[in-house]
Protein chains: 2
Amino acid sequence: MTLRLSRRAARLTSSLIRDILQVTQRPGVISFAGGLPATEVMPPLNFEGLADDYRQYGPSEGEPALRGLIAQKLSGLGMSCGVDQILVTSGSQQGVDLVGKLFVDEDAKVLLEAPTYLATIQALGVYGAVFKGLRLAADGIDPDELRRAIAYRRPAFVYLIPTFQNPSGFCYTDEIRRAVAKVLDETDIPLIEDDPYRDLVYSPVDRTPICAYLERAPWVYLGSFSKLTAPGLRVGYLASSRELFPSLVRLKQASDLHTNRIGQAWLARFLGSTEFDEHLARMNRIYAERRDAMQAALMRHFEALAEWRAPAGGLFFWLRLTCECDTLALLRQALERNVAFMPGEPFFPTPAHRYPSLRLNFSHAAPENIERGIALLAEILNGSAE
Amino acid sequence: MTLRLSRRAARLTSSLIRDILQVTQRPGVISFAGGLPATEVMPPLNFEGLADDYRQYGPSEGEPALRGLIAQKLSGLGMSCGVDQILVTSGSQQGVDLVGKLFVDEDAKVLLEAPTYLATIQALGVYGAVFKGLRLAADGIDPDELRRAIAYRRPAFVYLIPTFQNPSGFCYTDEIRRAVAKVLDETDIPLIEDDPYRDLVYSPVDRTPICAYLERAPWVYLGSFSKLTAPGLRVGYLASSRELFPSLVRLKQASDLHTNRIGQAWLARFLGSTEFDEHLARMNRIYAERRDAMQAALMRHFEALAEWRAPAGGLFFWLRLTCECDTLALLRQALERNVAFMPGEPFFPTPAHRYPSLRLNFSHAAPENIERGIALLAEILNGSAE
């Protein structure tokens, strides 16, 4: 029998990395691999007084109370955004999927940073997107390169993570944010701004959303509660310019009717309470300590092996290795010794710009394990370079 | 500016009915429109002792405990199905969307019942499916017509709701179930069996899943907890034949990573308890009363206006009107007098087979309101026929 599936299904790549990383669930493994918040830092979940009111079907757009809080937050960031432009999603990953559904026909061109978020490459790739990477530096992409790429490719949209980018941890300067907005306004190309890390901030830094600087170009802004509270709830959101919103709501409805209401109700209560600010301050204090622990460990063990910058926020260090080494082989060796990380290469949407690199998460492991794991990685790298 | 969206987005139809029905949320409206379980019959949600363990990211396939219970249930129905063939979804609506992603290229042919579930027409339509309806009678579709349609159309798959069908309430006989399975096995066409109503049963009736009779054809079985417990949780599931499963998991991962874990954890505890059987018995007792109340009211008021059968299970009466009336105009008149229903015509995937019809839900309204609402509908119909 020949099974006839969609061309979309044929584009599903097997995820070697995902399979390998399943072993990181083993107890005793020091994992720098995922983008997981630390379980011990998450707020306790208390559904008392909420649950029974939210058993019935709910609105596709999301719960009014939660949408109101989100609109308020985005307005505070300088975005011109009413509550009627907020759609609650099943995690911000669903926002990426809805964007794919909305914009991507087979062979549609998409511009994004090189490197960029792996699951975006996969989710948009399913719809047949053809990627063009924009070289990413520590202060952002090059607005002139963006303008040339738009002129040459006429992309369906540009997807950017300007704040504490995944995987690089980089954060665009305000100058570059404004310049990117100007290019998009002049060319009328939609911006998809993915912004899950903005509130994980450890040093003062520019981080006004690029969407706040747009005057004319269509936009979708993707937000997450997973990094701030509990990813198991699967509640994220998007906001969009007015012309895109009705289609996004209908696509959401066709995808899963609406997002689970219990998670939305808990979030609305938690975000609206004073506990939230205290929780966020504590989380950022603990993550800053872990960032500093990783920075110190890298200084001790990686000075000769890689280049990197300590990130001002987010969850990741990005190491550009100075050797031409096989990071997949390195991962296998590391896993044998109970340390996990993400090879950097899969984060590049095309082979162009690719270089040997590692993504190291610092939020999940305790500081003493960070030192131990980094020392071990350096030992393996030094050994394999010999 | 011309906004360039995907062809998919251009296929999004504005939902007139959906807009009209938003007024059914008004207090005082007797609604026969939705497919909503009665809030007063839902089990209380108690998350005590569960919540904090499920805050972190979870597996895309779903929680092992819940998957185990589902596999056990399906095996009990005669399906050959291991726990490694179960995928927990964000409501069974997401199962329909994943099936669309997996199978439907633009212009892919899909065979389904006429009438069928409205949201399936919309969700598959987004991917560009071209529908061919199979005439639905009270005992099921005609297996010979199915065979001819397959030979002529070579569809990507056949989508059926054999048990207490939405919108018709019809339930296939065992003979037709077996005959349909035989046609699919002989032609190797995949079956998508949507089965959200199976446990809402008020009179004894054949209801072995057609998937249980398949020996060779690929299959996806879609299940729901929304009708049995609390739709606000957004937890459903699918099971599939082995060759389809890995692609479905990857599509799920690209769509929203995984289903909310709190809902899964609560369901696993509830379904595994003795409370569940008691709850289900009580729910079916109450729904049977409401079905009987609607049957009695219809006998009193609709004998000259429509043909119907009292359903053995599920949530709906399906009325074939004897007049050539405009059901959308009827809906407007009914809403003015605070009664809501669903016009039947949108449930037909193509104009063929279409006839003037109403779908009446009996689970949501209390028995006294059922009598009042049905009397009012008959009064309006009698008035407009004059």
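Two salt bridges cross the interface of domain 1 of chain A and domain 2 of chain A. This is a predicted model. A:R11 forms a salt bridge with A:E106. Their closest N and O atoms lie 2.7 Å apart.

Polar contacts join the two domains as well. The count is 18 residue pairs, with both residues at pLDDT 80 or more. On the side of domain 1 of chain A that touches domain 2 of chain A, α1 (7-10), α10 (274-301) and β10 (316-321) each supply at least two residues. α10(A) gives the most to that side, with ten residues. By class, the touching side of domain 1 of chain A has 21 nonpolar, eight polar and eight charged residues.

Now the domains themselves. Domain 1 of chain A covers 7-42 + 276-385, and domain 2 covers 51-274. Their centres, taken over C-alpha atoms, are 24 Å apart. The table gives each domain's bounds and its share of the contact.

| Domain of chain A | Bounds | Residues in the contact |
|---|---|---|
| Domain 1 | 7-42 + 276-385 | 37 residues |
| Domain 2 | 51-274 | 42 residues |

The area buried between domain 1 of chain A and domain 2 of chain A is about 3300 Å². Carbon and sulfur atoms give 64% of that area. In domain 1 of chain A, the residues that lose the most area to domain 2 of chain A are A:F276, A:F347 and A:P349. Together, A:F276, A:F347 and A:P349 make up 20% of what the domain 1 side buries.

Terms used
Residues are numbered from 1 along each chain as its sequence is written. Chains are lettered from A and ligands numbered from 1 in the order in which they are written. This is a predicted model: local features need pLDDT of at least 70, side-chain atom pairs count only at pLDDT 80 or more; totals for chains, interfaces and linings use all residues. Side-chain values use heavy atoms; hydrogens and water are left out. Domain bounds come from an automatic or database domain assignment. Contact means heavy atoms within 4.5 Å. Buried area is the accessible area (1.4 Å probe) that two parts lose on being put together, summed over both. A salt bridge is a side-chain nitrogen of Lys or Arg within 4 Å of a carboxyl oxygen of Asp or Glu. A polar contact is a pair of N or O atoms within 3.5 Å; within protein, one must be able to donate a hydrogen and the other to accept it, and residues adjacent in sequence count only if both atoms are side-chain atoms. Helices (H or I, at least four residues) and strands (E, at least two) are DSSP runs, numbered from the N terminus. Ala, Val, Leu, Ile, Met, Phe, Trp, Tyr, Cys and Pro count as nonpolar, Asp, Glu, Lys and Arg as charged, and the others, Gly among them, as polar.
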